[in-house]
Amino acid sequence: MAILNILSETKNIVDLRKKSRSVEKINKRIINLLDDMRETLKNAEGIGLAAPQVGVLRRVAIIEIDDGDLIEMINPEIIYRDGEQTEMEGCLSSPGKFAETVRPAAVKVAYTNRNGESKEREGTELLARAFCHELDHLDGVLCFDDAKRILTQEELDEMKKEKETSE
C-alpha cells in the first residue's frame, strides 16, 4: 500500500473539475487503488476521499467516520435524499478552508463493494454529508461551489482559539 498525493484545489483545479468514469471491471488495479486510498485517508486524518482527489478519474470513493467502519464504494449513486442540514464543511483538497454548506439530512447510497457485491447504505448527519461530498467529487464538484458562505480567516482563527480553550 502507498500514500498517494492529494490534489490541491489551488494547484490542480482543472483535474478536480473533471467528471469520473464508471468502473467497468473490479480488477487488481481497483483493489490497489482502494487500499492506497485507505492509507492516504488515514495519513491525512480525513473522513472521506474520492479517487479524483488522488488523480484517478474513476467512480471510486471511501468514507471512514468511525474507526473500523470503512465504506468502500465503486460506482456509487445517491438513490434517496430527505430533509436539510446546514453545517461547516472542509475538504482534503483545500486544507484550512471551510464553508457553510447545505446538504440533505439523510441519504441512501447504492454502490458496489470491492467483492463486486451490490450494497446500499443509509446515512444521516455527518455520514449523509460525507456521502454527498465524496460523490460530488466524482462529478467534478467541490463543496465550496454551492456554499452559503466561505469562512474568513478571522472566523477560522476564532474557532481554533475556542477549540484550544475548551480542551
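This passage looks at the cysteines, one charged surface patch and one buried glycine in a predicted model.

The cysteines make a good starting point. A search across the whole structure returned zero disulfides. For cysteine 132, the closest cysteine sulfur belongs to cysteine 143 and lies 12 Å away, which is too far for a bond. Cysteine 132 is also buried, at a relative accessibility of 3%. Cysteine 143 likewise takes part in no disulfide, and its nearest cysteine sulfur, located in cysteine 91, is 5.3 Å away. Because a disulfide requires two cysteine sulfur atoms within 2.5 Å, the 5.3 Å separation between the sulfurs of cysteine 143 and cysteine 91 does not qualify. Cysteine 143 counts as buried too, with a relative accessible area of 5%.

On the surface, attention turns to charge. Glu154, Asp157, Glu158 and Glu162 together form a negative patch. One of these residues, glutamate 154, belongs to helix α4, which spans residues 153–166. Glutamate 154 is exposed, its relative accessible area being 60%.

A glycine in a strand completes the picture. Glycine 123 sits in strand β7, which covers residues 118–124. In contrast to the exposed glutamate 154, glycine 123 is buried, with 4% relative accessible area. Along the chain, glycine 123 and serine 20 are 103 residues apart, and in space 23 Å separates their C-alpha atoms.

Note on methods: Residues are numbered from 1 along each chain as its sequence is written. This is a predicted model: local features need pLDDT of at least 70, side-chain atom pairs count only at pLDDT 80 or more; totals for chains, interfaces and linings use all residues. Side-chain values use heavy atoms; hydrogens and water are left out. Patches are made of residues with over 30% relative accessible area and no salt bridge: like charges are joined within 9 Å, nonpolar side chains (Val, Leu, Ile, Met, Phe, Trp, Tyr) within 5 Å. Accessible areas come from the Shrake-Rupley method with a 1.4 Å probe; for residues, only the protein chains shown count as cover. A salt bridge is a side-chain nitrogen of Lys or Arg within 4 Å of a carboxyl oxygen of Asp or Glu. Lys and Arg count as positive and Asp and Glu as negative; His and the chain ends are not counted. The place of a charge is taken as NZ of Lys, CZ of Arg, CG of Asp or CD of Glu. Helices (H or I, at least four residues) and strands (E, at least two) are DSSP runs, numbered from the N terminus. Buried means under 20% relative accessible area, exposed over 50%, partly exposed in between (1.4 Å probe, protein chains only).
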